[in-house]
Amino acid sequence: MNKRKYDPASIEEKWRRIWEEKKINYTDITDHSKKYYCLDMFPYPSGSGLHVGHWRGYVLSDVWARYKKLQGYNVLHPMGWDSFGLPAENDAIKKGIHPKISTKNNIENIKRQLKEIGAMYDWTKEINTSDPEYYRWTQWIFLQMFHKGLAYRAEMPINWCPNCKTGLANEEVINGCCERCGTTVTKKRMMQWMLRITQYAERLLSDLDRLDWPEKVKVMQRNWIGKSEGASVLFKVDNGSDIELEVFTTRPDTLFGATYVVLAPEHPLVFKITTPDRLSQVREYVEKAINKSDLERTQLSREKTGVFTGAYSINPVNGKRIPIWVADYVLVHYGSGAIMSVPAHDMRDFEFARKFSLPVIEVIYSEDAKRNKDGSLLDAYEGKGVLLNSGHLTGMDSDEAKAAIVRWLEKSGKGCFKVTYKLRDWVFSRQRYWGEPIPIVYCDNCGTVPVDEKDLPVVLPDVESYRPTGTGKSPLAGIPDFVNTICPKCKGPATRETDTMPQWAGSSWYFLRYPNPNLKTAAFDRDVVDKWLPVDCYIGGVEHAILHLLYARFFTKFLYDIGVIGFDEPFMRLFNQGMVTKFSEKTGKLEKMSKSKGNVVNPDPLVKKYGTDTVRLYELFIGPPEVDSEWNDSGIEGCFRFLKKAWDFVVKEVDKNSQTNDISRKRLHLLIKRVTERIEEFKFNTAISAFMEFLKDLPDDTCYSKEDIEKFVILIAPFAPHFAEELWCEILKNEETIFRAKWPGFDKSLIVEETMTIPVQVDGKLRGTLSVSKNIDAESIFEAALNLEAVTKIIGNKRIVKKIYIPGKIVNFVLEK
RNA sequence: GCCGGGAUGGCGGAAUGGCAGACGCUACGGACUUAAAAUCCGUUGGAAAGUAAUUUCCGUGAGGGUUCGAAUCCCUCUCCCGGCACCA
């Protein structure tokens, strides 16, 4: 008799080595007859390595990839490194280690950890965004955008840390303060490279409907794009000039209630309309507002401020003369940077009007409006209603009035229907070292000139100091060898752009590179990517719900538009795994695992103690994959015990060398059904419970043939691959890897029970159960149910008002009250 | 403030209109053992009654509703988590 016990230490490394040697995880991309692209969001190679929270997503996608492979798909499951970025650069500043070196070391460590997960990554397809052979193509895509006018330069305010003397990315600004030194971040206007993502706003919005993504993520993207429909209205300035102010409103029906106009402090017409007597006050206000930090302007106080310009404008609809103000509650980058103010029907306008004693004219009447005793509005009423004080439109309902006013505006040339988006163009410049150099040259004769494609990549040079220059330029500006070059056009002396791209650049197209990661002649081969993409299933954390996923969609649509790929959405299905949380001593709360919260759990010691397969199982068993779960070390024992039991079960059954009996076959087929269905639904936690239930109360006469025990081992293979492979090859004596085996099907007829247990209720309370044939008719089951002692006792001599039988589900008797 | 998601035993969770608490952990009791580890068996939501098998009542954040029947559907509220936040 075989007495071998389950010993993960002796099998896991062995199989990983053999899989690698035999290229089990290699994906032949020329075979795309039944392809499946299962992609993980690739990691930033951080110095602290992976914790059990990272593991969760990787285990999840690996189970899915292995399941697909066992179903006969040719699965592409690659991995790579999003390796440009700030932590490496900040480390370089602090410790003086070149980002290239620290990145390389970090990748080595994380790769070791990833390999320990036992995932079926095809490492021959590894990519690295900071590799010149990769970022050459990131630069190439930028040039294509430049040629199409989608990449442009503009003077934009950037986040500026006056202490570090450097520009900061949005993600480096925490609550209005510099992430590194805590100084309040201010703004600085600088020339920036921008990408015209707003040109894609409508498609990015409407194509969301085609995607099989979590509704939550789609909602977040929709809100971020922020489409709103309304009207653009022209207000003539009443100073003898021809100046007209364009305002945007979603409520053209309230136009008669406009009692003043407000410009954003940065609005270009502010000083053209301000009257001489008001000039000094306006100048003072504007300067103060512009220099306010985001924190001061949006978060600290919502108290309205503003200043009167001295000028008036004419409301086009009724010719009324209303004052023009400047106030920082109007944002320059939204709509036209100017609004018509309708205090009666907008909360913000109402507050402002009250503070500066401006008139409030009610133009939408509703019973729901909150009023003072004298009938005047207590607060702005923002809902719908019937028009009031609105000339010939009085009495119309607000929806009709919207359309009527827009029609009138268009007819009279005073405005038009208008759609605006909250989405803004993408600031693509970083005044930083560790990123892709923007491949542009400035020439005194030719102006802004793109680097020739044949001269890509523009290689990031080594620098002496990573410290920002203090002028707001990147450290690259301090390297004459890099900066000074010749103009690609006229061959005269020229200088290079020294800004680099943001970290999002490389990850906006990496999924296109995996099938052909070493292609020298192009970013990707159209024939190949058209076969393999879009990605069938993309798995990662919800923290990338907006930016990364939006940018990747934007890049994909652009590449589709220029005809280099044949699809315009990168990820058909998206799955967001829940966070792994743990109580943090620092904050006193349950928190997402992170180094700063001091609540990370390192998987390495757990792997050492229990083996990879047990940790994999526990990562899945901890809870539903899409929901946040709390990590608790003690639960892992259960998964280890389960694997030991499963091992002993297989060994014992193989030893019997017998045939499967009826009851055992039925149990196995039920297990196949449950596991298959639960994997399909991504309910890996209950798929594992199905195995545990199967093993828990094995009937005494359990008996399986070799063929059937193999089915059991295949079922468990996606979850515990080393475990299954060892049983498959060493105990079941198969020659070839289990991952070339076929996922078992189940026989429905075997699972259906001839008899079923039906609960019997009286007045909705359980009083007993009946074991009956599955074909029983209602009358017979009522008869049987009424013979149950517990039922007759409760009924007594009360009358039964209603008898209910839901076939296969329940019997219920309703008694007279 | 607005938009999502959530709240079920000591703990992680299962059940998405039909037997609440599957499965696992913890704890307790027992078997095996010189002993320990490992393993196996049993109990483990609360309350009450009974020598006992067992029986009864209560119970899914709070309150109301729909239904023969609600953890599940609807309304109101509380708390927690996430996103957005002067977007006209």
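Me: What makes K733 count as exposed?
Reply: Exposed means over 50% relative accessible area, buried under 20%, and partly exposed in between (1.4 Å probe, protein chains only). K733 has 61% relative accessibility, so K733 counts as exposed. Before we go on: this is a predicted model, where local features need pLDDT of at least 70, side-chain atom pairs count only at pLDDT 80 or more, and totals for chains, interfaces and linings use all residues. Residues are numbered from 1 along each chain as its sequence is written, chains are lettered from A and ligands numbered from 1 in the order written, and side-chain values use heavy atoms, leaving out hydrogens and water.

Me: Is N657 buried or exposed, and how do you know that?
Reply: N657 has a relative accessible area of 68%, and the bar for exposed is over 50%, so N657 is exposed.

Me: What makes the phi of N657 worth a look?
Reply: Most residues other than glycine have a negative phi. N657 isn't a glycine, yet its phi is positive, about 50°.

Me: Why is the pair between Y334 and RNA strand B called a polar contact?
Reply: A polar contact is a pair of N or O atoms within 3.5 Å; within protein, one must be able to donate a hydrogen and the other to accept it, and residues adjacent in sequence count only if both atoms are side-chain atoms. A side-chain N or O atom of Y334 is 2.4 Å from a phosphate oxygen of RNA strand B, so the pair fits. R641 also fits, at 2.5 Å from a phosphate oxygen.

Me: What makes the bond from L456 to P457 cis?
Reply: Its omega is near 0°.
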